[in-house]
Structure formats: C-alpha cells, structure tokens
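Subject: Structure for you to look at

Hello,

Here is the structure I said I would pass on. Please open it alongside this email; my notes follow below.

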Amino acid sequence: MPRFLKLIINIVVLSALLLISQQVWAQDWRPVRGGIPFGISGMALIEQQSNSLDFLIAHDNKQKNQGRLAIISIKGKNQPEYLPLNWPNNIELPIDLEALTSVPEKTKSSFIALTSSGKAYYIRLEPANKTISLIKEFNLPGIIQGNNFEAFGLQNIESKLVAIWGHRGEGEQPATIFWGMFDLAKYQITLAGSANLKVPFPSGNVRHISDIKVDPVGIVYITSTSDAGDDGPFQSAVYVAGHLGFRGNKIAWRQNPQLVPLYRSDYHKIEGMELVPGAEGGLIIGTDDENLGSYVYILGGNS
C-alpha cells in the first residue's frame, strides 16, 4: 500500500478516535476528590457565570479532623476545582450533614445545611474571603424517633417561602416527604403536611430519597440511591416526585402517581442535586461513592 494512502487512512482513523473520545468525555462523570471523607451529601449553587459554575457542597463527616463544607468550581470542560472551608471556630462541629440548600435571595450567599437528625444550620458564605459564619441553629418540626433526614429544599412559590424535606426510608420502609412554611425572621418552620413515597428503582438496599429540590413553580425533584457497602455496587435515579402549590392560603402536595426515572446510574450513589437555570445550566448531581470518593455530572448541561 502506498505511503500516502496509509497516511490518509491513519489520519481518518485518528480523527474518528478523537471524535469518539470527545463524545465519551462529554458523557463522563467528573471526579472531585477520592476517599470516604470527600463524598458529596448535598450541594447548592453559589454563582453561575457564562463558562463556570460554583457550588457549596456538604460532607457527611463525623470526626473532628474531617471537613464539613467545601466549594467546587466547574469551569468549562475542566475537572472541578476543590476548596475546603473551615467551620466557625466557636461553633460545635455538625455531625452527619446530609442536605444543603440556598436561601432564595438575590445575593446567593445564605444557605441552610441539615444533619440526618434534623438539626439545621443557617449559614452565610463570604465569597471574597471564603469564610462561613453561622446565623442561627434550629431544628425541624415534628421530628420522631427513627427519622433519618437526607434531603432539604427551599423555594419562593407565589411569593411565599416554602420548605420541603425528606426522611430517606430504606428497603420496604418508604421515605416520607414533609413540607411547610418557613418564617426566616423567626427561624421557624410550620409543618403543613407529609406523605410517604417509594421509588421503583433502585431496589434492595434502596434509600427512596437521598436529596430533594423544588423549582419556582413547585415541581419537586428527588434522587434515590442504593448502597451495598463502602465499595458498592451503587445504583441511583432522578425523579419528578410531585408538585407543591397553594390552594387558598394553604400549601398542598400533589404526588406523582407514576414515578418515571428521568436518569439512572448503575455505578454511582447520588446524594446531592441542584437545579441550574439558563442556557448553560442543567440538573447537576453529586455522589457519595464512599471509598471511591465523589463525582459530579450535569444532566442536560452544555458539556
């Protein structure tokens, strides 16, 4: 075969491989950090720019020498940048942070982090010097023995601040979704109702709710996951669980009777989620893959 023809064939093959690798890269999960202490148990958007996204993330750690919060920055197609944050020195370290949500406001600098026991931390992030300050500690209403909370979200719906949170459930035990009105001035949530929920996938060691978010029109998204141990295997899915809306002055929950997996993974344990609006946005999910560390992935985003 003439050398010129061999060169043309090699160029064609190389071009095809490069195209395939770019397509695979666009579908890849992006690693954040390795190891159990760096699992993502909750996430909330800090800032969105044309080619970058900054998120506050929570770690469900329990030891004194382990981090609780961090910032990750996703710039273009680069791997996420990770910046650990120090918990305020004069405040006792939280145990098992499992959820994180921004407080709807213009500055995007206030957040609420929630532990599995239902203790909430209303915090403020100072973007300039990357420090955390505590505004208030409070507890969820109506906590009963056995509750294990993994999800908490806030949203302005019809100009009213609504809170929604979830007890994860496990196996045959369903999850429980709670909702109510949040009075920020009093740091108080008034419980308005609750409902049980079970997902069709995953099965086995399933946690029916591992995170929750609600959009401005009241559509409620949840993630579900299964955990067979520190080395997996893991499975996860994303669902639209239902809708929160007002009937008169009362907030009402309308649950989706036929849960449809919008996305599923057979390799990751999704425990964090955030809704990112706009042309460059999407639904971003983060994992707590135990010994395998943490990853992020943008569903519908511009890869």
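How many bridges join β19 to strand β20, and in which sense do the two run? There are 6 bridges between them, and the strands run antiparallel. Strand β20 covers residues 282-287, while β19 covers 270-276. One pair you can look up is Leu275, whose bridge partner in β20 is Leu283. Before you go further, note that this is a predicted model.

The sheet around β19

β19 and β20 belong to an open sheet of 4 strands, in the order β1-β21-β20-β19, with antiparallel pairing. The edges are taken by β1 (30-33) and β19; each has a single partner strand, so one side of each has no neighbour in the sheet. On average, neighbouring strands here are turned by 25° against each other, direction ignored.

Another open sheet

An open sheet of 4 strands also runs in the order β6-β7-β8-β9, again with antiparallel pairing. Its edge strands are β6 and β9 (131-139), and each of these pairs on one side only. The twist from one strand to the next averages 25°. Inside this sheet, strand β7 (residues 110-115) is joined to strand β8 (residues 119-126) by 5 bridges, and the two run antiparallel. To find the match by eye, start at Phe111: the bridge partner of Phe111 in β8 is Ile123.

Strand β12 and its partners

Is strand β12 enclosed or open to the outside? Of the 9 residues in β12 (residues 175-183), 7 are buried, so the strand is largely enclosed by the rest of the structure. β12 pairs with strand β11 (residues 160-167) in the antiparallel sense over 6 bridges. β12 is also joined to strand β13 (residues 188-197), by 9 bridges, and this pair runs antiparallel as well.

Thr176 is a useful residue to select here. In β11, His167 stands opposite Thr176, and in β13 the residue opposite Thr176 is Asn196. β12 and β13 form a hairpin with 4 residues between them. Tyr187, in the turn, has a positive phi of about 50°.

Asp227

Asp227 lies in strand β15 (residues 219-227). Its relative accessibility is 15%, and buried means under 20%, so Asp227 counts as buried. What does the side chain of Asp227 reach? It reaches the backbone nitrogen of Gly229 at 2.9 Å. The side chain of Asp227 is also joined to that of Arg207 by a polar contact of 3.4 Å.

The largest pocket

Rolling a probe the size of a water molecule over the atoms shows where empty space is left. The largest pocket has a volume of about 380 Å³. Its lining consists of 19 residues, and those nearest the centre are Ser102, Lys108, Gln155, Glu274 and Leu275. Leu275 is the residue you met above as the partner of Leu283.

Which strands supply at least two residues each to this lining? They are β2 (42-49), β6 (97-102), β10 (149-157), β14 (206-214) and β19. β2 gives the most, with 4 residues. Sorted by type, the lining residues are 9 nonpolar, 5 polar and 5 charged.

That covers my notes.

Regards

Notes
Residues are numbered from 1 along each chain as its sequence is written. This is a predicted model: local features need pLDDT of at least 70, side-chain atom pairs count only at pLDDT 80 or more; totals for chains, interfaces and linings use all residues. Side-chain values use heavy atoms; hydrogens and water are left out. Two strands pair if DSSP finds at least two bridges between them. Axes are lines fitted to C-alpha atoms, for helices over the stretch in contact, and angles run from 0 to 180 degrees between N-to-C directions. Buried means under 20% relative accessible area, exposed over 50%, partly exposed in between (1.4 Å probe, protein chains only). On a 1 Å grid over the protein atoms alone, a cavity is a set of points where a 1.4 Å probe fits but cannot get out, and a pocket is an open set with protein on both sides within 12 Å along at least five of seven lines; lining residues have an atom within 4 Å of a point. Grid points are joined across faces, edges and corners, and a volume is the space filled by probe spheres set on the points. Ala, Val, Leu, Ile, Met, Phe, Trp, Tyr, Cys and Pro count as nonpolar, Asp, Glu, Lys and Arg as charged, and the others, Gly among them, as polar. A polar contact is a pair of N or O atoms within 3.5 Å; within protein, one must be able to donate a hydrogen and the other to accept it, and residues adjacent in sequence count only if both atoms are side-chain atoms.
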